[in-house]
Amino acid sequence: VRDGLWMPSVRLDRANTFGLPAEAEFVCRPKHLDELRTVVAEAQKRGLEWWVMGGGSNLLLGPQIGGVCLMPAITGIKVVVETEDDVTLDVGAGVNWHELVRFAVGQGWSGIENLALIPGTVGAAPIQNIGAYGVEIAESTVGVHVLRCADLGQELLPAEACGFSYRSSVFKTTAKGRYLITGLRLCLSRRFVARDDYPDVAQELRRMGLAQPVHPAQVAEAVTRVRRRKLPDWRRFGNAGSFFQNPVVSTEHFARLQRDIPDLAGYPAAKGYKVSAARLIDLAGWKGRREGAILVWPRQPLVLVNTGGGTASQVLTLAERIVNDVVRRFAVQLVPEVQLVGISHAISAESSAQDRQG
Ligand SMILES: Cc1cc2nc3c(=O)[nH]c(=O)nc-3n(C[C@H](O)[C@H](O)[C@H](O)COP(=O)(O)OP(=O)(O)OC[C@H]3O[C@@H](n4cnc5c(N)ncnc54)[C@H](O)[C@@H]3O)c2cc1C
């Protein structure tokens with residue numbers, strides 16, 4: 001173990017945006033590829049489990065997490081190719097996502113301006129194919145730089161190999177645990193075409209007197225204003241963004257739901273219709289309700305908030321009550337968007353607080 005690289009017994013309370021109490025057995029912050037390789041090789045040699053944490057904004061952490069928490073701190077934004085139309089960039093996994101958006105719009109490059117103010121790191125962005133206001137990172141991604149865990153070899157996985165879909169990719173599914181993401185290769189456009197079809201963004205742009213935006217910074221600003229209004233600031237109200245994914249239901253199921261809820265919106269998806277989880281949670285009466293210190297955010301019921309002193313167990317209990325209720329009322333199974341670490345219990349309609357204790 002190299003001095004200064006491995007830190008034992010590290011509290012992560014301030015490193016996760018939920019602000020939940022958690023302690024990691026070890027933490028390492030490798031600043032470049034070789035350091036990352038050394039740490040992983042060392043962990044493998046010592047038979048220690050390792051897991052990865054970026055900005056901790058999509059995680060539900062258990063109180064004691066064994067093994068090594070890797071926090072890739074590889075930084076840098078490098079232009080790889082530049083043409084009249086676009087620019088291709090390599091960005092380190094440890095770069096803050098919103099800083100990248102600010103940098104890009106500052107250069108007048110467009111493609112990620114709708115993703116302004118999403119917390120977290122560049123390395124985590126492809127994992128759940130971050131998306132907001134009608135845009136997903138998959139659209140600008142040329143490839144993902146990875147370190148293969150099996151042989152510590154380096155590779156640029158082309159976007160087509162990443163299996164991007166709504167809030168998902170191979171990194172979360174078929175290739176889970178196979179790679180460490182070390183960077184992202186993005187292609188951004190020099191020719192700005194506003195993606196302002198999302199009602200909230202269009203409305204905000206009109207409010208700003210910019211019904212026809214001419215620069216990506218204007219869209220980023222509109223998105224930032226909308227987000228500040230709707231979402232709790234995690235620095236004051238700990239949260240991990242949307243706790244659940246929007247569920248996709250079959251066409252028949254959607255028709256049945258619409259019979260009971262005529263104004264329920266549905267967006268065509270690969271296997272039916274995507275419906276708003278927030279709407280279902282709201283209809284089930286959960287908006288503004290709490291479990292211990294955990295509150296269902298009144299302005300956006302998809303967000304669970306730690307009002308102070310909350311625990312992962314309280315979050316799980318509340319999440320499960322919501323899941324059970326939504327299944328009972330609408331026969332829709334909500335699936336968490338947040339990733340559980342150091343928690344052996346999965347959130348599902350069948351499980352209960354009692355199972356967890358047992
Ligand atoms: C207030 C708020 C608003 C949000 N809004 C949105 C939104 O609009 N759209 C959206 O899509 N998400 C949103 N999120 C969720 C979150 O910001 C994103 O999922 C983000 O990409 C997570 O980045 P992170 O660095 O914090 O990842 P973490 O939470 O630290 O990790 C998330 C997952 O990625 C893995 N991981 C992280 N880095 C790496 C790496 N380098 N290599 C391999 N695995 C890695 C972790 O192991 C974990 O499984 C929001 C969260 C908050 C708190």
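**Close-up 1. Helix 2 and its two sides.** In this predicted model, Arg102 and Gly106 sit exposed on one side of helix 2. Look across to the other side and you find the buried residues Trp97, His98, Leu100, Val101, Ala104 and Val105. Seen down the helix axis, these buried residues fall within an arc of 155 degrees, so they line one face of helix 2. That face packs against strand 6 (77-82), strand 7, strand 12 and helix 4.

**Close-up 2. The largest nonpolar core.** This core has 41 residues. Trp97, Leu100, Ile112, Leu115, Ile137 and Phe171 are the ones with the most contacts inside it. Several elements chip in with two or more residues each: strand 7 (86-92), helix 2 (97-107), strand 10 (141-148), strand 12 (179-189), helix 3 (199-207) and helix 4 (216-230). Apart from this core lies another one, made of 37 residues, with Leu302, Ile322, Val338 and Ala349 among them.

**Close-up 3. Trp97 and its partners.** Here's Trp97 again, one of the buried residues of helix 2. Which residues does it touch, once neighbours within four places in sequence are left aside? Ile112, Leu115, Ile118, Gly120, Thr121, Val122, Ala125, Ile130, Ile137 and Leu184 are in contact with Trp97.

**Close-up 4. Helix 5, buried side and exposed side.** Helix 5 covers residues 251-260, and its buried residues are His253, Phe254 and Leu257. These three cover an arc of only 100 degrees around the axis, which puts them on the same side of helix 5. Turned away from that buried side is a face with the exposed residues Glu252 and Arg259. As for what covers the buried residues of helix 5, the list includes strand 14 (248-249), strand 15, strand 16 (272-275) and helix 7 (312-330).

**Close-up 5. The second largest pocket.** Its volume comes to about 260 Å³. Lining this pocket are Ser165, Tyr166, Ser168, Val248, Tyr267, Pro268, Ala269, Ala270, Lys271 and Lys274. Sorted by class, that makes 6 nonpolar, 2 polar and 2 charged residues. Which element gives the most to the lining? That would be strand 15 (residues 266-269), with 3 residues.

**Close-up 6. Two residues with a positive phi.** Most residues other than glycine have a negative phi. Asn129 goes the other way, with a phi near 50 degrees. You'll find Asn129 in the loop between helix 2 and strand 8 (131-132). Buried or exposed? Asn129 has 0% relative accessibility, so it counts as buried. Ala331 has a positive phi too, near 55 degrees. Its place is in the loop between helix 7 and strand 20 (339-341). With 54% relative accessibility, Ala331 counts as exposed.

**Close-up 7. Met7 in strand 1.** Strand 1 takes in residues 6-11, and Met7 is one of them. Met7 has 33% relative accessibility, so it counts as partly exposed. Leaving aside its neighbours within four places in sequence, Met7 is in contact with Glu25, Phe26 and Val27. Ala24 is 17 residues from Met7 along the chain, and 9.3 Å separates the C-alpha atoms of the two.

Key. Residues are numbered from 1 along each chain as its sequence is written. This is a predicted model: local features need pLDDT of at least 70, side-chain atom pairs count only at pLDDT 80 or more; totals for chains, interfaces and linings use all residues. Side-chain values use heavy atoms; hydrogens and water are left out. A nonpolar core is a set of buried Ala, Val, Leu, Ile, Met, Phe, Trp, Tyr and Cys residues joined through side-chain atoms within 4.5 Å. Buried means under 20% relative accessible area, exposed over 50%, partly exposed in between (1.4 Å probe, protein chains only). Helices (H or I, at least four residues) and strands (E, at least two) are DSSP runs, numbered from the N terminus. Contact means heavy atoms within 4.5 Å. On a 1 Å grid over the protein atoms alone, a cavity is a set of points where a 1.4 Å probe fits but cannot get out, and a pocket is an open set with protein on both sides within 12 Å along at least five of seven lines; lining residues have an atom within 4 Å of a point. Grid points are joined across faces, edges and corners, and a volume is the space filled by probe spheres set on the points. Ala, Val, Leu, Ile, Met, Phe, Trp, Tyr, Cys and Pro count as nonpolar, Asp, Glu, Lys and Arg as charged, and the others, Gly among them, as polar. The arc is that of the directions from the helix axis to the C-beta atoms.
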